[in-house]
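Work through the exercises below with the sequence and the 3D structure open. Try each task before reading its solution.

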Amino acid sequence: SRVAAARALWRLGTPPAELVSPLTAAITAAYGGRGAVPLLVDMHAVEAVADLEQLAERDERIVISGSDDDLVWQDEILQDELRTAVAALCTA
């Protein structure tokens, strides 16, 4: 997964700024983005703030689950996670 690969690269010394793009892409990938937002926060990737804000404020749902019943709930949880991450990165 992109998240696992990004975590490994970060631990090997890759600067967080180089990993922001694949991790923000992973957030919008169905089934692929779990853990991307917390990893960005762990890395103190302040370069991701603008992308995370844009994702948090968009009207279109981010499909991260396969069930129509869970789609709205999962998107709302993700929106909260994104806003929390932005707040954490802005105070870091």
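**Exercise 1. Find the residues with the most contacts inside the largest nonpolar core, and the helices that supply it.**

Solution. The largest nonpolar core has 23 residues, and those with the most contacts inside it are Leu 23, Ile 27, Leu 40, Met 43, Leu 52 and Leu 82. Helix 1 (2–11), helix 2, helix 3, helix 4 (49–57) and helix 5 each give at least two residues to this core. A nonpolar core here is a set of buried Ala, Val, Leu, Ile, Met, Phe, Trp, Tyr and Cys residues joined through side-chain atoms within 4.5 Å. Buried means under 20% relative accessible area, exposed over 50%, and partly exposed in between (1.4 Å probe, protein chains only). In soluble globular proteins, nonpolar side chains tend to be buried together.

Next, take one core residue. Leaving out residues up to four places away in sequence, Leu 23 touches Arg 2, Val 3, Ala 6, Ala 36, Leu 39, Leu 40 and Met 43; a contact means heavy atoms within 4.5 Å.

Before going on, note the basis of these values. The model is predicted: local features need pLDDT of at least 70, side-chain atom pairs count only at pLDDT 80 or more, and totals for chains, interfaces and linings use all residues. Residues are numbered from 1 along each chain as its sequence is written, and side-chain values use heavy atoms, with hydrogens and water left out.

**Exercise 2. State the elements of the chain and the confidence in them.**

Solution. Step one: the chain has five helices and zero strands, where helices (H or I, at least four residues) and strands (E, at least two) are DSSP runs numbered from the N terminus. Step two: the chain averages a pLDDT of 87, and 86% of the residues score at least 70; pLDDT is the predictor's confidence in each residue, from 0 to 100. Step three: among the elements, helix 3 (residues 36–42) has the highest mean pLDDT (96) and helix 5 (residues 68–91) the lowest (86).

**Exercise 3. Describe how helix 2 and helix 4 are arranged.**

Solution. First, the axes of the two helices, helix 2 and helix 4, come within 10 Å and cross at roughly 15°. Axes are lines fitted to C-alpha atoms, for helices over the stretch in contact, and angles run from 0 to 180 degrees between N-to-C directions. Helix 2 and helix 4 are therefore roughly parallel to each other, a label for angles under 35 degrees. Then list the residues: Val 20, Thr 24, Ile 27 and Thr 28 of helix 2 meet Asp 51, Leu 52 and Leu 55 of helix 4. One of the helix 2 residues, Thr 24, touches Leu 40, Asp 51, Leu 52 and Leu 55, not counting residues up to four places away in sequence.

**Exercise 4. Which of the labels buried, partly exposed and exposed fits Thr 24, Ala 88, Glu 18 and His 44?**

Solution. Take the residues in turn.

- Thr 24 counts as buried because its relative accessibility is 11%.
- Ala 88, in helix 5, counts as partly exposed because its relative accessibility is 30%.
- Glu 18, in helix 2 (residues 16–28), counts as exposed because its relative accessibility is 55%.
- His 44, in the loop between helix 3 and helix 4, counts as exposed because its relative accessibility is 53%.

**Exercise 5. What is the sign of phi in His 44?**

Solution. Phi of His 44 is near 55°, a positive value in a residue other than glycine. Most residues other than glycine have a negative phi.

Conventions. Parallel < 35°, antiparallel > 145°, perpendicular 65-115°, else oblique.
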